[in-house]
Amino acid sequence: MYLHEELEPLTRSELDALQSERLRQTIRRCMNSPFYRERFARCHLSPSDIRSPRDLYKIPFTTKQDLRDHYPFGLAAVPMSEVVRLHSSSGTTGTPTVILHTQKDLDEWAEAVARCLYMVGLRRGDVFQNSSGYGMFTGGLGFQYGAERLGMLTVPAAAGNTKRQIKFIMDFGTTALHAIPSYASRIHEVMEKMGIDPLRNTKLRTLIIGAEPHSEEQRRRIEDMLGVKAYNSFGMSEMCGPGVAFECMEQNGLHIWEDYYIVEIIDPVTLEPVPDGEVGE
């Protein structure tokens with residue numbers, strides 16, 4: 001079953017055509033930005049040069065340093081009057097990186113996250129509790145809007161206050177929880193101290209985890225403790241946030257939404273693309 005019947009079952013040739021057209025659109029839009037207009041002129045790139053996803057190598061890299069050097073709004077490709085939200089990194093290692101969103105960006109982001117949640121069996125009628133921070137970090141609002149788009153009752157519990165989180169889980173009949181792995185373990189630890197059996201006393205069945213490294217052993221241990229299936233999530237603020245890639249119910253690796261994102265594996269020394277099966281970044 002698909003959330004978007006017109007997109008998710010596309011054949012490879014259909015997906016290639018969609019990616020090619022969207023890449024050309026992206027190049028056209030980026031040319032509204034002085035930064036990208038100058039960067040593309042330097043390598044003589046125009047939208048017509050993109051005939052297939054294999055032409056991705058023609059597009060120059062944008063680095064983290066570029067975002068820092070043009071802080072806060074120097075990469076914008078639309079007038080600031082069209083921007084409705086920004087997110088940023090913490091800036092702990094230097095100048096924060098700022099990501100701007102139009103309303104169209106937010107709508108597409110919500111669709112991508114909703115598609116991820118649908119893929120692991122969540123549906124209208126589920127109760128989704130989000131224990132992520134709701135500040136500049138994209139994990140809070142990203143999952144909030146995605147869960148709402150899917151039609152779930154959404155509990156914006158935010159981070160911390162574990163006893164309150166547990167009260168919400170029990171009182172509201174939470175069936176799905178979004179939490180970083182270490183905090184999921186902390187919730188179980190506090191449940192034990194309170195004499196609460198998550199299998200008998202809650203309706204939890206789905207856990208969404210991400211935003212910090214964890215092992216497969218840790219994931220399985222959390223599943224056993226809370227009586228849930230825990231699904232890995234991946235996102236980056238520079239790519240909107242959560243919703244870039246997600247596990248399905250097979251729990252055998254992340255699926256990347258190729259109508260939104262194209263993965264290019266490169267040699268970290270030469271910066272050239274490597275063939276399928278080769279090691280790169």
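**Aromatic, ionic and cysteine contacts in the predicted model**

Phe35 is buried, with a relative accessible area of 7%. The model is a predicted one. Phe35 pairs with Tyr36 in an edge-to-face arrangement. The ring centres of Phe35 and Tyr36 lie 4.8 Å apart, and the planes meet at 80°. That angle counts as edge-to-face because it is over 60 degrees. Tyr36 is also buried, at a relative accessible area of 14%.

Tyr36 makes a second aromatic pair, with Phe40. Here the centres are 5.7 Å apart and the planes are 40° from one another, a tilted geometry. Both Tyr36 and Phe40 belong to helix 2, which covers residues 34–42. Their spacing of 4 residues is about one turn of the helix. Phe40 is buried, as is Tyr36. Phe35, Tyr36 and Phe40 thus make up one aromatic cluster. In total, the structure contains 5 aromatic pairs.

Aromatic rings also meet charged groups. The charged end of Arg115 is placed over the ring of Trp257, at 4.5 Å from the ring centre. A second case involves Arg123 and Tyr118. The charged end of Arg123 sits over the Tyr118 ring, 3.5 Å from its centre.

Ionic contacts were examined next. Side chains of opposite charge can pair when their charged atoms come close. The model holds 23 salt bridges. One of them joins Glu258 and Arg12, with an N to O distance of 2.9 Å. Glu258 lies in the segment after strand 9, whereas Arg12 is in helix 1 (residues 12–30), so this bridge ties together parts that are 246 residues apart in sequence. Glu258 counts as partly exposed, at 31% relative accessibility. Arg12 is partly exposed as well, at 45%.

Helix 1 takes part in another bridge, through Asp16. Asp16 contacts Arg54, with the closest N and O atoms 3.2 Å apart. Arg54 lies in the loop between helix 2 and helix 3, so the pair links parts 38 residues apart in sequence. The two partners fall into separate accessibility classes. Asp16 is buried, at 14% relative accessibility. Arg54 is exposed, with a relative accessible area of 54%.

A further salt bridge lies within one helix. Lys167 and Asp171 meet at 2.8 Å, N to O. Both residues are in helix 6 (residues 162–171). They are 4 residues apart and therefore separated by about one helical turn. Lys167 counts as partly exposed, at 49% relative accessibility. Asp171 is partly exposed too, with a relative accessible area of 49%. Elsewhere, salt bridges with shared partners form a network. Its members are Glu216, Arg219, Arg220, Glu223 and Glu247.

Cysteine sulfurs were checked for disulfides. The count is 0. Cys30 is in no disulfide, and its nearest cysteine sulfur, that of Cys43, is 12 Å away. A disulfide requires two sulfur atoms within 2.5 Å, so the Cys30 and Cys43 sulfurs do not qualify. Cys30 is buried, at a relative accessible area of 16%. Cys116 is likewise in no disulfide. The nearest cysteine sulfur to Cys116 belongs to Cys248, at 11 Å. Cys116 is buried, with a relative accessible area of 1%.

The surface carries a nonpolar patch. Phe73, Met80, Leu86 and Met136 form this patch. Together these side chains present about 330 Å² of accessible area. Phe73 is in the loop between helix 3 (64–69) and strand 1 (83–88). At 37% relative accessibility, Phe73 counts as partly exposed. Phe35, by contrast, is a buried phenylalanine, at 7%.

Val279 is found in the segment after strand 9 (254–256). Val279 counts as exposed, at 79% relative accessibility. Val279 and Lys64 are 215 residues apart along the chain. Their C-alpha atoms are separated by 22 Å.

Methods. Residues numbered from 1 in each chain as written. Predicted model: local features only at pLDDT ≥ 70, side-chain atom pairs only at ≥ 80, totals over all residues. Heavy atoms only, no water. Patch = residues over 30% accessible without salt bridge, like charges linked within 9 Å, V, L, I, M, F, W, Y side chains within 5 Å. Areas by Shrake-Rupley, 256 points an atom, 1.4 Å probe, with all protein chains shown as cover. Salt bridge = Lys/Arg side-chain N within 4 Å of Asp/Glu carboxyl O. Helix = DSSP H or I, 4+ residues; strand = E, 2+ residues; numbered from the N terminus. Buried < 20%, exposed > 50% of the residue type's maximum accessible area, 1.4 Å probe, protein only. Phe/Tyr/Trp six-rings, centres within 6.5 Å; stacked < 30°, edge-to-face > 60°. Lys NZ or Arg CZ within 6 Å of the ring centre and 35° of its normal.
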